[in-house]
Amino acid sequence: MIPKVFKEVIDLGDGREITIETGKLAKQAHGSVVVQSGKCMMLCTVVSNYEQKDLPFLPLTVDYREKFAAAGRYPGGFFKREARPSDGEVLTMRLVDRVLRPLFPKNYSAETQVMIQLMSHDDDVMPDAMAGLAASAAIQLSDFPFECAISEARVGRINGEFVINPTRAQLAESDIDMMIGASADSVMMVEGEMDEISEEEMIEAIKFAHEAIKVQIEAQHRLADAFGRKEVRDYAEEPDNEALVKRVHDMAYDKVYAVAKAGSTKKERGAAFAEIKEEVKASFTEEEMEEFGDLVSDYYRKAEKAAVRDLTVNEGLRLDGRKTDQIRDIWCEIDYLPSVHGSAVFTRGETQALATVTLGTSRDANKIDMPSYEGEESFYLHYNFPPFCTGEARPIRGTSRREVGHGNLAQRGLKGMIPEDCPYTVRVVSEVLESNGSSSMATVCAGTMAMMDAGIQMKKPVSGIAMGLISDSETGKYAVLSDILGDEDHLGDMDFKVTGTADGITACQMDIKVKGLSYEILVAALKQARDGRIHILGKLTDAIATPREDVKEYAPKMVGVRIANEFIGALIGPGGKVIQELQKETGTTIVINEDPVTEEGIVEILGTGQEGIDAVLAKIDSITFKPKVGSVYEVKVIKMLDFGAVVEYMEAPGNEVLLHVSELAWERTENVSDVVNMGDVFDVKYFGLDKRTRKEKVSRKALLEKPEGYVAPAPRERNNDRRPPRRDDRRKRD
C-alpha cells in the first residue's frame, strides 16, 4: 500500500528551501521525519519507553551520525563500516541535546532516544544546521511530554548582510559563524565564533536567526496538525507535598542563607551545607524518612537554591563573598615545563589549567574525515578534564562529549588569532588541574600564554570569561554574575561563556534556562563580560606582554621553501633515498607538499639545529640551481681531463660543468694543467647551451683581458681520411 506522506516547506530565500516530510520511513518509531535541503537528506527518529526509571534525571540520548554512503564514500581504516562518532558528530549531538533536554518535565525519567542520520549529502548544505529542526519536528509527531517546539539555525554575515544556513563556501567569507537554538518566544542556546565583533553586532545576529527559527517552528506545527497530534502520554507526575516543602524550607532556608552570606571556599561551603541537610533529615522520624526521604532531599535542594539566589538578587553578594561583577584572584606563570615547546599555568580562584604547545609540520595536522567534510586543521586544541580536578575518583572511559565540546569552544576562541603565515602545525593541550568555575575559559587564557611562550606570533592575546544570571520573575530583579562558580552555574538561569580580544568577541557559548529572557539582559551580560574579559586580559599580558621573538632553543625551527615541481623527484630520490638520507644526516624532518594553485612544491624543514636546516637548504639550492646566461659564478676544479676541466659551482655543490680547454685562456693551451690544477677556485662566465655541441658552456677566458695584438688561433685541422665511412658509403663499396 502506498503510504500517505505529509510534507511542509520552509522558504530560506535566495531560491533555497527546507522540506519536512513524514509518513514514509521508520513508522514504528514514536516519531520520524525526513528533512531535506537540496540533495542533503537526514532521517530523525524518536523513541521513549513507557516504563519510568527510578532516576533523578532524564536518561536522554541524542545521537547524530553521518553515513559515508551519503557522500558516495567508504569509511577509512581497516574495518569498512562506521565506528565511534567523530568529534564533529559529537559536537552536533551536544548542540541538539542542550536545547531539547530542558524542555522535558523534570520528573520524566523514561529512557528516551533521538537518533539523527545523514542519509544523503550535498556539498552546498551544512547538515548540522538542520539537526535541531529534525529532532523537534519528530518529537512534535510523538506523544512525549515536551514543552514546546524548537529549532536551530546557523547565521553568517557576508559583506555586512546576515545569511541563514550559509553554505560552507559562504561561511569561508563570513565574519560570523553562530548556531542559535530557540523556541518561538525564547532564545535558549547560542554557540559560535566571530571575527572580533561587538556586543551589539552579536545581538543583531541572534535576533536575525530567531526570526528564521520562528518560521521553522510554524512549519512544524502545520506538519503535526496535518499528521494528527497525539495525546500526551501519562507518566508518574507527582505534585509537590506543600506541607513538606514548607517544613523543609523553614528549617533550612535561614541557615543556608547565613552560610552563603559568610563567603567561604567550595570545600567549607560543601561541608556546611551537608551539615544543614543532615540536621533537616534528623528532624524527621524513621517512619517519615522511609516515606518521604527522597522528597526531603529534593525539597532541601530547592530551599538551598532559593536562599543562594535571594542573597545574590537582594544583596548583590555571592557564595564566595564577591560582588556580582568581581573576578576571583588570578595568578599566571609561563615556561613552567622545561622540555615542552611552550607552556603556561592559569589559575583563577579554584580553577586551574595547565596548557602545553607542540609545534610540528603539516604532516602533524589534524585530519578530518567526515562524509560532510574532509579537510585538516593546522591549529587544534585538546581539553582534558580528569576526575581529580574536582576531588573525585571515578572511572576514565575515554574522551567525554563534554571534553570535546569544551575543547572545541576554546579552539574556536583562539584560532582566529593564529597568523595566516604561521609555518607550524600547532597543537595545544589543556590539562584541567582544578575546577570550580569555567575551565574552558581558563583553557583559553592558558592557551594564549602558552602559544606566546612558544613563539607563535599571535595577532592579539585572547581571554575568556564565564557569565551567569540570577533573575526573579516576580519582582523583575536580576543579577548578572561575572566569573561564575560551579554552584552558580547549577543554581543560576544562564551560563554564558565569551572569549575575545581587546577589540571584540571571538567565540561564545550560551545556555539559557529561563523563558523569555530579554535582549536587554543579554546586552547587559555582554557588556559586563567585556569588562571582565579586559581585566583578565591585563593579567595575561602582565605575565607575557608579547610573543617570544623566536621559538625556544630546544623547540624545532621551521623553514619553508618553494621549488618547481620538476625538482621534487630529484629531492625525494629513487625510493625516497635522497630525502631519507638527508633527514638522517641533518637531524631534520622534511615534508613536501604540492600547491595545486601555483604548481610548486612546498618544502617544510623542521629541526632543532640551525646547522642541519642550513645543510638541507644548501642541498635544495644545489638541486634547484639553474645558472643564468651572462652571469659570473665561482667554481672549483674537481676533475682534470685531456680536453678540459670539470668544475663545480661553489654556490651549488654537486652541480658541475665542463670547462673546455679552448675556454681556459686566450693563448692556445696544449695541456690543461698548464693553466689550472685540481682544487683551483676561480670565476667563469655562463653562456647557456652551445648551439653546436648542445652542451652547457662556461668560459674562464671571457673574464680575462684579451692580450694586445691577439690573433685567434687557427682551428684544429680535422683529419678527414681518418673519418670512418658512413653506412651508405660502406654499402656502395660492398
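Modeller: Let's agree on words before we look at this predicted model: a residue is buried under 20% relative accessible area, exposed over 50%, and partly exposed in between.

Biologist: Happy with that! Why is arginine 101 called partly exposed?

Modeller: Its relative accessibility is 32%, and partly exposed covers the range between 20% and 50%, so the label follows.

Biologist: And what makes aspartate 97 buried?

Modeller: Aspartate 97 has a relative accessible area of 15%. The cut-off for buried is under 20%, therefore aspartate 97 qualifies.

Biologist: How do you know that aspartate 97 and arginine 101 form a salt bridge?

Modeller: The closest N and O atoms of aspartate 97 and arginine 101 are 2.9 Å apart. A salt bridge needs a side-chain nitrogen of Lys or Arg within 4 Å of a carboxyl oxygen of Asp or Glu, so this pair counts.

Biologist: Why is the contact of glutamate 21 with lysine 24 called a salt bridge?

Modeller: The N to O distance there is 4.0 Å, and the rule is within 4 Å, so it is included. As for the partners, glutamate 21 is buried at 16%, whereas lysine 24 is partly exposed at 44%.

Biologist: How many salt bridges does the structure hold?

Modeller: There are 52. Some are joined up: Asp128, Arg154, Asp177, Glu193, Arg412 and Lys415 are linked in a network.

Biologist: What makes arginine 562 and glutamate 600 a salt bridge that links distant parts of the chain?

Modeller: Their closest N and O atoms lie 3.2 Å apart, which is within 4 Å, so the pair is a salt bridge. The two are 38 residues apart, with arginine 562 in strand β22 (residues 557-564) and glutamate 600 in strand β24 (residues 600-607). Arginine 562, at 45%, is partly exposed, and so is glutamate 600, at 27%.

Biologist: Let's turn to the nonpolar residues. Which residues have the most contacts inside the largest nonpolar core?

Modeller: They are Val33, Met178, Met202, Val426, Met451, Ile456 and Phe496, in a core of 137 residues. Helix α4 (residues 199-227) supplies the largest share of this core, 11 residues.

Biologist: Why is Val33 called buried?

Modeller: Val33 belongs to that core, and a nonpolar core is a set of buried residues, so Val33 must be under 20% relative accessible area. Leaving aside neighbours within four places in sequence, valine 33 is in contact with residues including Met42, Leu43, Ala134, Leu141 and Leu223.

Definitions and conventions. Residues are numbered from 1 along each chain as its sequence is written. This is a predicted model: local features need pLDDT of at least 70, side-chain atom pairs count only at pLDDT 80 or more; totals for chains, interfaces and linings use all residues. Side-chain values use heavy atoms; hydrogens and water are left out. Buried means under 20% relative accessible area, exposed over 50%, partly exposed in between (1.4 Å probe, protein chains only). Helices (H or I, at least four residues) and strands (E, at least two) are DSSP runs, numbered from the N terminus. A nonpolar core is a set of buried Ala, Val, Leu, Ile, Met, Phe, Trp, Tyr and Cys residues joined through side-chain atoms within 4.5 Å. Contact means heavy atoms within 4.5 Å.
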